[in-house]
Amino acid sequence: MGRPGLNRRQLLAGIGGLTVAGSFGFAALGTGADALASGADTRVRYWNLFSGGDGYNMIAMLDSFRKDNPGIDVKDSTLQWGSPFYTKLAMAAAGNRAPDLGVMHLGRVTGFSPGRLLDPWDVGLLAKYGVKEADFNPELWKRAVIDGKLYALPLDIHVQLCFYRKDVLKKAGLLGADGRMIQVTSTDQWFDVLKEAKKATRKGLQTIGLWLNDQNFQWWFFVAFYTQLGGTWFNDANTEVTFDTDKATRVLEFLRRHITDGYADPGFGGGAGAEQFVNGAPFVWEGNWSVPVFEAAKVEYGATPLPPVFGTRATHAESHAFVLPHQSGRGGATDEAAHRLAAYIVQHAQQWAAGGHIPAYTPTLSTDAYHKLDPQSEYVSAMDHQATEPKVWFAGSTGILAQRVGPIVVSSTMGSAKPDAAAGRMKSMLTQLLASKNPMDGKTAAQGGAVA
């Protein structure tokens with residue numbers, strides 16, 4: 001396939017002000033000269049961005065793979081989450097020093113110059129190790145395909161959830177006979193629920209935590225509810241902005257109302273919502289990665305996808321996915337081992353589900369072991385109602401889209417801008433981004449060829 005057509009200087013300039021080169025930590029690449037593990041004849045260098053509970057779960061799955069596949073030595077490296085990780089991965093691929101296997105957020109794959117910085121998966125080889133398209137949610141698989149080739153193998157989806165305290169909601173009369181939160185299908189009904197929950201909440205606690213001043217969370221919430229309204233972003237050719245400012249205004253007014261009606265307190269910033277939830281607040285909107293936190297706190301709680309207040313089910317979703325960073329000489333035993341490792345972890349994701357993520361490999365979801373997981377089995381339906389960012393180069397977790405549009409959502413939620421004015425600014429920013437060029441390959445979204 002040849003080496004990517006990017007040099008180090010171009011890549012550093014293009015990725016956009018992500019600290020100086022000396023902080024990139026190329027020591028994580030290693031030299032590959034150290035001895036193989038006993039009994040191994042092949043090594044797979046694997047980069048990931050999993051820390052905390054996710055890191056422990058990934059290590060456990062890797063250890064299981066090593067036990068079951070003694071002929072493959074896995075050299076795993078955990079790098080800093082977010083933009084630094086993507087910078088290092090891009091630099092390694094551009095310099096022909098890439099690992100054999102990596103992890104990315106699925107929304108970032110389109111912008112990572114597939115074919116230049118990423119190599120496609122061999123679907124026949126994946127099938128050899130038991131992983132095939134039919135085992136995945138169709139929409140999730142479609143997101144991983146670019147120009148007819150599979151560039152990402154989904155491991156999970158991770159979603160924004162409505163966590164609720166069962167003890168408080170029971171007191172407020174908001175639990176159904178099944179012990180779960182009553183169904184909500186409109187904005188008026190949702191605010192009625194908050195009104196009753198507030199009456200049952202101890203003084204000093206807000207009714208709901210919403211990460212009010214966080215650009216990422218506010219953007220994720222916006223994506224969910226804008227999708228519930230049937231909102232679109234761009235036309236199929238990515239040449240025209242189709243963003244609906246009227247629908248956007250309705251979403252922004254909905255988010256803002258949580259403050260103006262006294263249910264969310266701007267004084268409780270950042271992760272204070274989760275802390276208050278542990279201390280007795282009835283609701284918090286958080287990512288599913290908070291499940292281990294609330295489990296450790298021994299809170300009596302449930303979790304459901306974000307309420308379909310605009311009538312249609314949709315909750316914001318992203319996905320961790322395995323990728324093959326570009327190597328000029330990719331192939332042979334090492335490449336086959338990388339396929340084998342990724343396929344193994346995808347199929348053994350019951351351990352991963354313990355961290356709150358929904359496994360992408362759908363056979364896992366039908367097992368008795370998964371059905372016994374609580375609250376995971378309560379929100380597994382989110383797999384079929386994913387609200388995702390548009391499939392363009394500037395989207396994806398920690399991507400440019402969230403960095404540029406997220407603060408506009410925050411300005412409306414916090415009250416420094418009126419919702420209709422903020423919606424107009426969002427459309428202007430989307431227009432600007434659509435015309436801009438991907439620093440990875442110099443192409444606009446319309447020129448990028450991201451066709452499933």
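These legends go with several close-up views of a predicted model.

**View 1. Helix α8 packs beside helix α10.**
Start with two helices: α8 covers residues 187–199, and α10 covers residues 245–260. Their axes lie 12 Å apart and make an angle of about 20°. Angles under 35 degrees count as roughly parallel, so α8 is roughly parallel to α10. The crossing of this pair is right-handed. On the α8 side, look for T187, D188, W190, F191 and L194, which meet F254, R257 and H258 of α10. Sorted by class, the residues in this contact are four nonpolar, two polar and two charged.

**View 2. Helix α2 crosses helix α13.**
Here the axes of α2 and α13 come within 10 Å and cross at roughly 120°. That angle makes α2 oblique to α13. The crossing is right-handed. From α2, the residues to find are M58, M61, L62, S64, F65 and D68; their partners in α13 are R340, L341, Y344 and I345. Seven nonpolar residues, one polar and two charged make up this contact.

**View 3. N57 sits in helix α2 and is buried.**
Stay with α2, which spans residues 52–68, and find N57 within this helix. N57 has a relative accessible area of 11%. Buried means under 20%, so N57 counts as buried. Which residues does N57 touch, leaving aside those up to four places away in sequence? They are Q351, W352, A354 and G355.

**View 4. A salt bridge joins D100 and R45.**
A search of the whole structure finds eleven salt bridges, and this view shows the one between the side chains of D100 and R45, at 3.7 Å from N to O. D100 lies in the loop between α3 (83–94) and β3 (102–105), while R45 belongs to strand β1 (residues 42–48), so the pair ties together parts that are 55 residues apart in sequence. Are these two residues buried or exposed? Both D100 and R45 are buried.

**View 5. R330 meets D119 in a salt bridge.**
The side chains of R330 and D119 come to 2.9 Å, N to O. This pair links distant parts of the chain, 211 residues apart: R330 is in the loop between β13 (320–325) and α13 (332–347), and D119 is in strand β4 (residues 118–119). R330 counts as buried at 18% relative accessibility, and D119 counts as buried at 3%.

**View 6. R330 also forms a salt bridge with D335.**
Keep R330 in sight and look for D335, whose side chain meets that of R330 at 2.8 Å, N to O. Like R330, D335 is buried. Elsewhere, salt bridges that share partners join D63, R66 and D76 into one network.

**View 7. V123 lies in helix α5 and is partly exposed.**
The last stop is α5, made up of residues 123–128, where you will find V123. Its relative accessible area is 47%, so V123 is partly exposed. Now look for H339, which is 216 residues away from V123 along the chain. How far apart are the C-alpha atoms of V123 and H339? They are separated by 9.3 Å.

Methods
Residues numbered from 1 in each chain as written. Predicted model: local features only at pLDDT ≥ 70, side-chain atom pairs only at ≥ 80, totals over all residues. Heavy atoms only, no water. Axes fitted to C-alpha atoms, helices over the stretch in contact; angles between N-to-C directions. Helix = DSSP H or I, 4+ residues; strand = E, 2+ residues; numbered from the N terminus. Parallel < 35°, antiparallel > 145°, perpendicular 65-115°, else oblique. Left-handed = near helix turned anticlockwise from the far one by under 90°. Contact = heavy atoms within 4.5 Å. Nonpolar A, V, L, I, M, F, W, Y, C, P; charged D, E, K, R; others polar. Buried < 20%, exposed > 50% of the residue type's maximum accessible area, 1.4 Å probe, protein only. Salt bridge = Lys/Arg side-chain N within 4 Å of Asp/Glu carboxyl O.
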